[in-house]
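Grab a coffee and work through these short exercises with the model open beside you. Each one sets a task, then walks through the solution.

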Amino acid sequence: MSTPLTGRAPLPRTLLILLGLAAATVTAGGMRAISGFLAPTILALVLMITVYPIRPWLERKGVPAWLSALITILTVYLIVITMIVALVLSVAKLAQLVTQYTPQLNDITTNFGDWLKSLGVDQQQIDSVTSQMDFGKLFNVATSILTGTLGVLSDIIFLGVLTIFIAFDAGKFPAVLASTGPAHSRVAESLTTFSRGTRTYFAVSAVFGLIVAVIDTIALQLMGVPGAFVWGVLAFITNFIPNIGFIIGLVPPALLALLEGGVWKMVAVIVVYCAINFVIQSVIQPKFQADALNLGVSLTFLSLVFWTFVLGPLGALLALPMTMFVRAVLVDADPDVQWVAPLISNSLPRDDDPPEESVETTAAEAAAYDT
């Protein structure tokens, strides 16, 4: 008489990895296909998470729940409208500057080709090099970031309606998490950690981005670089872009400084930008964001590339919050994959914290001993 099977044999690890990669590829492709809808939805959610502490603070002061929710919604609207106005002015000024300085950019290319020719470089090689010197692409990077963000923010009706629904649902979300019970406590804890980390990340980035933008604008204005306000807005936005945001914000004003005042003015802009951004963005700001992010440097850069591919230009601004959300859902909420956490985090596990399975084993052994 045969005994019934008690379970199925586990799938080979290689097959599981391939299935996981295939599922991730399909998911990323689907998200990219609906990025026009998905990007503003994520933006509205992130903005509401960032300003949500206003609501409980008002309620503790005795403000009615409906009024505190309304004030929270209006705060989001104020942020969006302010960004739209600043971006509209910046895009218009940037388009004017690109048209105005096109002849000077072409002259730089021609002079560079003549210099190579004087060194004895073959004309065919010179043509190959100068054909790649499209300075307009440097401005196009800034233009795509500004217009991409503006394109999402300008869908104000969709953002406005969506923010209303999210705001009223947000009031009961803490109670929903609290009611999940012990069986799903890790899910509730991971989502709470994600919300707290996202809020810290965006609040700190916005504050320090504004400081950098104001200082950069004043410095560029004093040095006589055209479009100082535009580059200040760009510096504020690129403060949310990890790893390469500083470079993106630096290249256009440095190039304009070269056209306006020559090499020394360009060097002055680079030195000022490096000094300001190194002190604020590389020394001070990370101290406030270290616990909120806790992501490895390599993962930070890969998340920037991946989410920009999936969500478009706005994905560069939402890269780190999206990565933190994926980590919260797939890693932090699942005890079976906790071994992945040290690989993607920016800190090593402490020796005095035993693994979770060791704690569970110890508890189980104690219970058996008592029995």
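**Exercise 1. Size up the largest cavity and describe its lining.**

Start with volume: about 40 Å³ of space lies in the largest cavity. A cavity here is a set of points on a 1 Å grid over the protein atoms alone where a 1.4 Å probe fits but cannot get out, and lining residues have an atom within 4 Å of a point. Points are joined across faces, edges and corners, and the volume is the space filled by probe spheres set on them.

Before going on, a word on the ground rules. This is a predicted model, where local features need pLDDT of at least 70 and side-chain atom pairs count only at pLDDT 80 or more, while totals for chains, interfaces and linings use all residues. Residues are numbered from 1 along each chain as its sequence is written, and side-chain values use heavy atoms, leaving out hydrogens and water.

Next, the walls: Asp216, Ala235, Thr238, Gly245, Phe246, Gly249, Tyr273, Asn277 and Gln281 line the largest cavity. Helices α11 (228-238), α12 and α13 (263-293) each give two or more residues to that lining. Helices are DSSP runs (H or I, at least four residues), numbered from the N terminus.

Finally, sort by class: the lining has three nonpolar, five polar and one charged residues.

**Exercise 2. Work out how enclosed α11 is.**

Call a residue buried under 20% relative accessible area, exposed over 50% and partly exposed in between (1.4 Å probe, protein chains only). On that scale, 10 of the 11 residues of α11 are buried, so the helix is largely enclosed by the rest of the structure. Among the buried ones are Trp231, Leu234 and Phe236, and also Ala235 and Thr238, which turn up in the cavity lining too.

**Exercise 3. Find the salt bridge and place its two partners.**

Opposite charges on side chains can pair when their charged atoms come close. The cut-off is a side-chain nitrogen of Lys or Arg within 4 Å of a carboxyl oxygen of Asp or Glu. Searching the whole structure turns up one such bridge. It joins arginine 55 to glutamate 59, with the closest N and O atoms 3.5 Å apart.

Now look at spacing: the two sit four residues apart in helix α3 (residues 54-60), so about one helical turn separates them. Then check exposure: arginine 55 is buried at 9% relative accessible area, whereas glutamate 59 is partly exposed at 36%.

**Exercise 4. Place methionine 324.**

First, locate methionine 324 in helix α15 (residues 313-332). Its relative accessible area is 3%, so methionine 324 counts as buried. Last, compare with leucine 191: the two are 133 residues apart along the chain, yet their C-alpha atoms are separated by 9.7 Å.

Technical notes
1 Å grid on protein atoms, 1.4 Å probe; cavity = no way out; pocket = protein on both sides within 12 Å on 5 of 7 lines; lining within 4 Å. Nonpolar A, V, L, I, M, F, W, Y, C, P; charged D, E, K, R; others polar.
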